[in-house]
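Me: I'm new to this one, and I'd like to know what stands behind the labels people put on it. Can we go through them one at a time?

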Amino acid sequence: MIKIGRMCAALFLALSTFAGAAEKVDVLAGVDRNEMALGDTFTLTISVTSDSSVAVNEPRLPDLSGFELINSWSSSESRSTFSNGTFQVSQTKSFNYMLA
């Protein structure tokens, strides 16, 4: 458990450089479970959301020794809303890593 927490903290620090790239950029990193047994897999997800168009490259992961990368994939999402006469758009790029 401590190893996963340290990895997420390192990712947050590494990804915080996105914050200066646009007016508003949110970077979230998380895992899909809180408890694991030996041999279990988990998915680490890193999401970058912005209210403007931002080029997002795949993040550089910290040293993952002790983990095996099983699979990785990415996805993109765009949301548009019109509320009180204002049109808002947000874009999210997510990077997923299945680790064991």
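Reply: Sure, let's start with charged pairs. This is a predicted model, and its salt bridges come to 3.

Me: What makes Arg79 and Glu77 a salt bridge?

Reply: The cut-off is a Lys or Arg side-chain nitrogen within 4 Å of an Asp or Glu carboxyl oxygen. The closest N and O atoms of Arg79 and Glu77 are 2.5 Å apart, so the pair qualifies.

Me: How do the salt bridges of Lys24 with Asp26 and Arg33 with Asp32 fare by that rule?

Reply: For Lys24 and Asp26 the N to O distance is 3.7 Å, and for Arg33 and Asp32 it is 3.6 Å. The limit is 4 Å, so Lys24 and Asp26 pass, and so do Arg33 and Asp32.

Me: Why is Arg79 called exposed, but Glu77 partly exposed?

Reply: Exposed means over 50% relative accessible area, and partly exposed runs from there down to the 20% mark. Arg79 has 53%, so it is exposed. Glu77 has 38%, so it falls in the middle class.

Me: And what makes Ser47 buried?

Reply: Buried means under 20%, and Ser47 has 15%, so it counts as buried. Ser47 sits in strand β2, residues 42-50.

Me: How do you know that the side chains of Ser47 and Ser94 make a polar contact?

Reply: The distance is 2.9 Å. A polar contact needs N or O atoms within 3.5 Å, one able to donate a hydrogen and the other to accept it, so this pair fits. Leaving aside neighbours within four places in sequence, Ser47 also touches other residues, including Asp26, Val27 and Thr92.

Me: What lets you say that β1 and β2 pair?

Reply: At least two bridges are required, and β1 and β2 have 7, in the antiparallel sense, so they count as a pair. Leu28 stands opposite Ser47 there.

Me: Which strands are at the edges of the sheet, and why are they called that?

Reply: The sheet is open, with 4 strands in the order β1-β2-β4-β3 and antiparallel pairing. β1 (25-31) and β3 are the edge strands: each pairs on one side only. From one strand to the next, the twist averages 15 degrees.

Me: Last one: why is Leu69 partly exposed?

Reply: Leu69 belongs to strand β3, residues 69-83. Its relative accessibility is 47%, which lies between the 20% and 50% limits, so partly exposed is the label. Not counting residues up to four places away in sequence, Leu69 touches Tyr97, Met98 and Leu99.

Key. Residues numbered from 1 in each chain as written. Predicted model: local features only at pLDDT ≥ 70, side-chain atom pairs only at ≥ 80, totals over all residues. Heavy atoms only, no water. Helix = DSSP H or I, 4+ residues; strand = E, 2+ residues; numbered from the N terminus. Buried < 20%, exposed > 50% of the residue type's maximum accessible area, 1.4 Å probe, protein only. Contact = heavy atoms within 4.5 Å. Axes fitted to C-alpha atoms, helices over the stretch in contact; angles between N-to-C directions.
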